[in-house]
Amino acid sequence: MIVINTKINVHDSKNLTKHIQGYLYSLLPEREHEGYEFRPGRNFKKTNFDYKLTKNNLTIRFSSIDPELEKAVAMGVIKKGVRLCNSVGQDVLLETPATNTLSSHVIVSGHVICSCRGLLDRKFYLEPQNPQHLEIMKRNALQRFETFMGKKYEGPFEVTLLEQSNNSRLYFYGDNKEPAKSWHAKWDIKASPELINVILGGGVGSGCMNYGAGFLKLEEER
C-alpha cells in the first residue's frame with residue numbers, strides 16, 4: 001500500500017474523488033484505465049484508493065494486487081508531486097506500510113458498498129447486517145479473484161460480520177446527484193491468503209477506484 005500525505009488547498013471539494021481518481025490514473029499505465037473484463041459490461045480494476053481530507057491536510061491510500069502498480073504511483077508522486085484541482089500539494093510525505101498477509105484467517109474493517117434494485121428499478125444500498133450484503137460482497141470478491149488470477153477460486157471462504165456502525169457515509173462522484181452509501185464494518189474472513197490479498201489490494205464491492213470505497217484495512221491476523 002502507498003500512503004500519500006500532503007497539505008493542499010482544495011477549491012473543488014465536491015469533485016475531489018474524481019480529481020484524485022484522475023491524478024492516480026495519470027501515474028498508472030494506460031492499460032489500467034480500461035480495467036479487466038469479467039464478463040461483457042463487468043470490469044474490475046487491479047487498484048483501489050480512498051482518502052481523508054481534514055482542513056487542508058489530505059491523506060490518500062492507494063493499493064493494488066500488483067506491486068508494480070504501487071511502485072508506479074510511488075515513483076510518480078516522487079517525480080511529479082501531488083496536483084489536484086489546480087493546486088499543488090506541499091510537504092508531501094510517502095509511506096509504504098505492508099498490507100499483504102500470509103494468514104488464512106484475518107480481521108478486516110472498512111466501507112463496502114453493496115446495492116440491489118427494488119421497485120421501479122430504484123437502487124437501495126444495503127447495510128452490512130443485511131444477509132444480502134454479505135452474499136454480494138462474497139460474490140464480488142470471487143469474481144475479482146477469477147478475473148485477476150485467471151482461474152476459479154476453489155478454497156474455503158467464510159466471512160462473518162463482527163460489527164457495524166450506526167451511521168452511514170455518503171460517496172459522491174462527479175455530477176452524480178444520488179450519492180452511494182455504506183456503513184463502516186468489521187469482518188472475520190477465513191480464506192486462502194491469495195484470495196485475502198486480492199481483497200486487500202483491489203478492494204471489494206461497488207465503487208472501487210471511482211467512489212473511493214471498498215478499501216479494507218487489515219486489523220488482525222489470526
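A residue is called buried when its relative accessible area is under 20% and exposed when the value is over 50%, with partly exposed residues falling in between. In this predicted model, cysteine 85 has a relative accessible area of 12%, and because that value lies under 20%, cysteine 85 is buried. Cysteine 85 is found in the loop between β6, which spans 83-84, and β7, which spans 87-88. The backbone of cysteine 85 has a phi near 50°, a positive value in a residue other than glycine. Asparagine 86 also has its place in the loop between β6 and β7, and its phi, near 65°, is again positive although the residue is not glycine. The relative accessibility of asparagine 86, however, is 85%, so asparagine 86 counts as exposed under the rule that asks for a value over 50%.

The description turns next to the sheet and the helices that touch its strands. Four strands form an open sheet in the order β4-β5-β1-β8, and their pairing is antiparallel. The edges are occupied by β4 (47-54) and β8 (90-95), each of which pairs on one side only. On average, and with direction ignored, neighbouring strands of this sheet are turned by 15° against each other. Within the sheet, strand β1, formed by residues 2-7, pairs with strand β5, formed by residues 57-64, in the antiparallel sense over six bridges. In this region threonine 6 stands opposite leucine 58, a residue of β5. Helix α3, which comprises residues 67-80, packs on the sheet and touches β1, β4, β5 and β8, while its direction makes about 150° with that of β5. Helix α1, comprising residues 16-26, lies across β4 and β5 and runs at about 135° to β4.

A further helix, α5, extends over residues 193-202 and is mostly covered, since eight of its ten residues are buried. Among the buried residues of α5 are Leu195, Ile196, Val198, Ile199 and Leu200, together with Asn197 and the glycines Gly201 and Gly202. After α5 comes glycine 203, whose phi is positive, near 80°.

Aromatic side chains were examined as pairs of rings, and the count comes to five aromatic pairs. One of these pairs joins phenylalanine 38 and phenylalanine 44, whose rings are 6.3 Å apart from centre to centre, with 55° between the planes, an arrangement described as tilted. The two partners are covered to unlike degrees: phenylalanine 38, at 24% relative accessibility, counts as partly exposed, whereas phenylalanine 44, at 2%, counts as buried. In another pair, the ring centres of tyrosine 153 and phenylalanine 157 lie 6.4 Å apart and the planes stand at 80°, so this pair is edge-to-face; the reasoning rests on the cut-off by which planes over 60 degrees apart are counted in that class. Both tyrosine 153 and phenylalanine 157 are buried, and together with Phe145 they form one aromatic cluster.

Phenylalanine 157 is also involved in an arrangement of a charge and a ring, as the charged end of lysine 138 sits over the ring of phenylalanine 157, 5.3 Å from its centre. A second arrangement of this kind is formed by arginine 31 and tyrosine 36, in which the charged end of arginine 31 sits over the tyrosine ring, 4.0 Å from the ring centre.

Conventions: Residues numbered from 1 in each chain as written. Predicted model: local features only at pLDDT ≥ 70, side-chain atom pairs only at ≥ 80, totals over all residues. Heavy atoms only, no water. Helix = DSSP H or I, 4+ residues; strand = E, 2+ residues; numbered from the N terminus. Buried < 20%, exposed > 50% of the residue type's maximum accessible area, 1.4 Å probe, protein only. Pairing = 2+ DSSP bridges. Axes fitted to C-alpha atoms, helices over the stretch in contact; angles between N-to-C directions. Contact = heavy atoms within 4.5 Å. Phe/Tyr/Trp six-rings, centres within 6.5 Å; stacked < 30°, edge-to-face > 60°. Lys NZ or Arg CZ within 6 Å of the ring centre and 35° of its normal.
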